[in-house]
Amino acid sequence: MNRLFLILFTISIFTAQAQKTSKLKVTESEEYKDDVKTFDIKSIHTTTSNLTGIVRESKRDILFDIFDANLKKIFSKVVDSEKKERFIGELFFGNEIKYFTVLSPKKKERIVYCHTFNLATKSYNKKEIFSATVEKNQGLFSGRNKRQTSFALSPNGQYFAMATDNIKKNLNSYTIRVYNAQSLEMVYKKSYREDAERFYQPNDLTVSNDGTVYSLGKLFKKGKRQKKGGEANYEFVLNEISKASVKDVFIGLGEDEHIQSLTITDIDNELHLIGFYSERNVGRIKGGCNFMIDTDNLSVKNKKLLALPQEVYDDLYGYRKAKRKNDKELSNFYIDYVLTDGQGNTYMLAEEFYVTSHYVSTGTTGGYWTYTYHYDDVLIIKFNAEGNLDWGRSIFKRATAPSYNAFMKNGELHVILNSGKNLKEKKDGRTKASTGWFESSSLYDFVYSASGEVTYDKIQDNKGNTFYAPFYGTFENEKFIMMSTRKSKKKQFMTLE
């Protein structure tokens with residue numbers, strides 16, 4: 001009885017806040033019957049002629065579907081995949097989705113394939129683009145050192161670049177391959193950052209319209225620890241790679257400056273390397289950083305480190321605790337989206353992610369561990385065209401699965417997520433975007449103006465309606481499309497425009 005009273009009392013202290021309906025036009029497609037139950041979406045894109053293509057994976061197949069402008073399925077293809085073949089990346093341009101896989105037929109053998117799905121012609125092609133032999137227990141894409149393969153497509157769609165490990169015994173080495181995006185023929189191949197001692201950790205990759213590649217990464221001074229003697233044990237380096245040469249520029253860090261990773265954005269043909277910095281260690285955040293690169297002579301022309309504004313802490317902790325909390329650094333945030341508008345502004349969104357474990361005892365038979373994945377608060381900062389931090393906000397939420405998506409439309413930032421049926425206005429000024437005990441959920445559109453003001457627009461109450469997963473959606477042609485999460489064979493789409 002006491003427990004029931006506590007639950008009812010907890011619910012009663014919150015009052016429902018009336019939210020506006022979405023300013024976006026909301027439409028739902030007709031239900032359709034899917035041939036499989038899988039929801040493992042690897043790629044979803046829409047062409048300028050409003051054809052939507054989706055690539056999914058099941059245990060042994062790659063599934064390719066095409067939908068018309070009304071999101072009715074008009075084509076479907078099942079592609080057999082090998083037992084040891086796995087997805088490593090995807091690119092989209094024009095009417096084509098390029099879907100990359102790697103096959104490991106033997107311990108030391110790797111074969112990389114490009115699967116091309118053409119939405120306009122409803123055609124499919126699979127081509128081997130290269131093969132390699134690797135050292136024992138190593139791989140091109142996921143070695144012991146958490147090295148990553150990354151893909152980049154030039155803005156004109158003419159070239160794509162692939163960055164891989166070039167594993168050699170007792171030698172750190174990396175390779176860039178640049179391909180003609182239409183013929184899939186290799187244009188050039190270059191090795192870079194070969195060093196017997198210094199480990200390089202790739203962060204981001206971009207390729208220009210003339211096929212020049214910029215590879216950004218973290219170069220460790222000694223070993224692989226992030227700190228030595230209290231100072232950063234690494235420096236960032238931007239590598240400029242072309243068919244003719246390999247050049248680089250080092251991004252210097254000052255004392256008490258620690259950065260987990262940087263991403264590349266192109267603002268008016270000027271490269272900006274942006275991320276978060278800390279005064280303590282790479283796992284924490286004090287503010288945003290922005291390094292502006294002069295690509296004509298490959299140099300750092302400006303560097304800015306800017307502390308998070310007070311509004312970030314107000315949104316997360318409320319005005320009562322925020323003044324105490326802003327002396328502390330945030331932690332466990334990982335960058336999800338880097339968006340730009342037509343005015344040279346850049347919006348960076350990161351979500352708090354961590355894992356907790358709990359041991360469940362089963363008595364005399366022992367027990368087992370359970371793990372909970374937390375996708376919690378969202379951090380949003382805006383850099384203006386001059387590279388300064390214009391404003392920062394955050395979303396106070398709790399979730400156990402990837403929960404949101406974001407896009408720019410008409411100069412406003414839209415963050416789409418599922419929350420409680422009614423957002424909770426807490427007494428300390430915070431707005432809680434999570435589902436409470438016994439509460440049904442709703443789909444919301446958080447809209448941020450160019451000056452950082454936010455409105456909360458409800459798209460739908462989920463109870464009695466189809467539940468959609470914003471995280472797996474796509475924004476193209478000024479429309480955001482997402483699919484329902486049902487594990488049954490009945491599927492549906494929602495469009496926001």
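Analyst: A quick definition before we start: a polar contact is a pair of N or O atoms within 3.5 Å, and within protein one must be able to donate a hydrogen and the other to accept it. Keep in mind, too, that this is a predicted model.

User: Which residue offers its backbone oxygen to a polar atom of the side chain of glutamine 492?

Analyst: Glutamine 492 sits in the loop between β40 (490-491) and β41 (493-496). Leaving aside neighbours within four places in sequence, its contacts include Glu28, Ser29, Glu30, Thr466 and Met482. The backbone oxygen that lies 2.9 Å from a polar atom of the glutamine 492 side chain belongs to serine 29.

User: Is glutamine 492 buried or exposed?

Analyst: The cut-off for buried is under 20% relative accessible area. Glutamine 492 has 9% relative accessibility, so it counts as buried.

User: Over in β40, which residue forms a salt bridge with aspartate 34?

Analyst: Aspartate 34 is in the loop between β3 (32-33) and β4, and its partner in strand β40 is 457 residues apart from it, so this pair links distant parts of the chain. The closest N and O atoms are 3.6 Å apart, and both residues are buried. The partner is lysine 491.

User: Which residues are linked with Asp34 and Lys491 in a network of salt bridges?

Analyst: Side chains of opposite charge can pair when their charged atoms come close. In this structure, Asp34 and Lys491 are part of a network of salt bridges. The others linked in it are Arg56, Asp65 and Lys73.

User: Arg56 belongs to β5, so how many residues of that strand are buried?

Analyst: Strand β5 covers residues 52-57 and is mostly covered. Thr52, Ile54 and Arg56 point one way, while Gly53, Val55 and Glu57 point the other way, and all are buried. That makes the count six of six.

User: Which strands pair with β5?

Analyst: On one side of the pairing, strand β4 (residues 41-46) runs antiparallel to β5 with five bridges, and serine 43 stands opposite valine 55. The other pairing is also antiparallel, over six bridges with residues 61-67, where arginine 56 has leucine 63 as its bridge partner. So, going by bridges found between the strands, the partners are β4 and β6.

User: Which residue takes a positive phi in the hairpin of β4 and β5?

Analyst: This hairpin has five residues between the strands, while the one formed by β5 and β6 has three. In the β4 and β5 hairpin, the residue with a positive phi near 65° is asparagine 50.

User: How many residues of strand β33 are buried?

Analyst: Strand β33 spans residues 412-420 and is joined by six bridges to the antiparallel strand β32 (residues 404-409). Another antiparallel pairing, with eight bridges, joins β33 to β36 (residues 441-448). Strand β33 is largely enclosed by the rest of the structure, because its buried residues number eight of nine.

User: What is the bridge partner of glycine 420 in β36?

Analyst: Each pairing of β33 has its own example of a bridge. Toward β32, methionine 408 is matched with leucine 413. In β36, the partner of glycine 420 is serine 441.

User: Which element gives the largest share of the nonpolar surface patch?

Analyst: The patch is about 570 Å² and is made by Val355, Tyr359, Trp369, Tyr371 and Tyr373. Two elements, β29 (346-361) and β30 (367-383), give two or more residues to it. Tyrosine 359 is in strand β29, but the largest share, three residues, comes from β30.

User: Is lysine 98 buried or exposed?

Analyst: Lysine 98 forms a salt bridge with glutamate 96, the closest N and O atoms being 3.0 Å apart. Glutamate 96 is partly exposed, with 26% relative accessibility. Lysine 98 has 8% relative accessibility, so it counts as buried.

User: How far apart are the closest N and O atoms of glutamate 185 and lysine 127?

Analyst: Glutamate 185 is in the loop between β14 (172-180) and β15 (186-195), and lysine 127 is in strand β11 (residues 123-133). Glutamate 185 is partly exposed at 45% relative accessible area, and lysine 127 is partly exposed at 25%. Their salt bridge brings the closest N and O atoms to 2.7 Å.

Technical notes: Residues numbered from 1 in each chain as written. Predicted model: local features only at pLDDT ≥ 70, side-chain atom pairs only at ≥ 80, totals over all residues. Heavy atoms only, no water. Helix = DSSP H or I, 4+ residues; strand = E, 2+ residues; numbered from the N terminus. Buried < 20%, exposed > 50% of the residue type's maximum accessible area, 1.4 Å probe, protein only. Contact = heavy atoms within 4.5 Å. Pairing = 2+ DSSP bridges. Patch = residues over 30% accessible without salt bridge, like charges linked within 9 Å, V, L, I, M, F, W, Y side chains within 5 Å. Areas by Shrake-Rupley, 256 points an atom, 1.4 Å probe, with all protein chains shown as cover. Salt bridge = Lys/Arg side-chain N within 4 Å of Asp/Glu carboxyl O.
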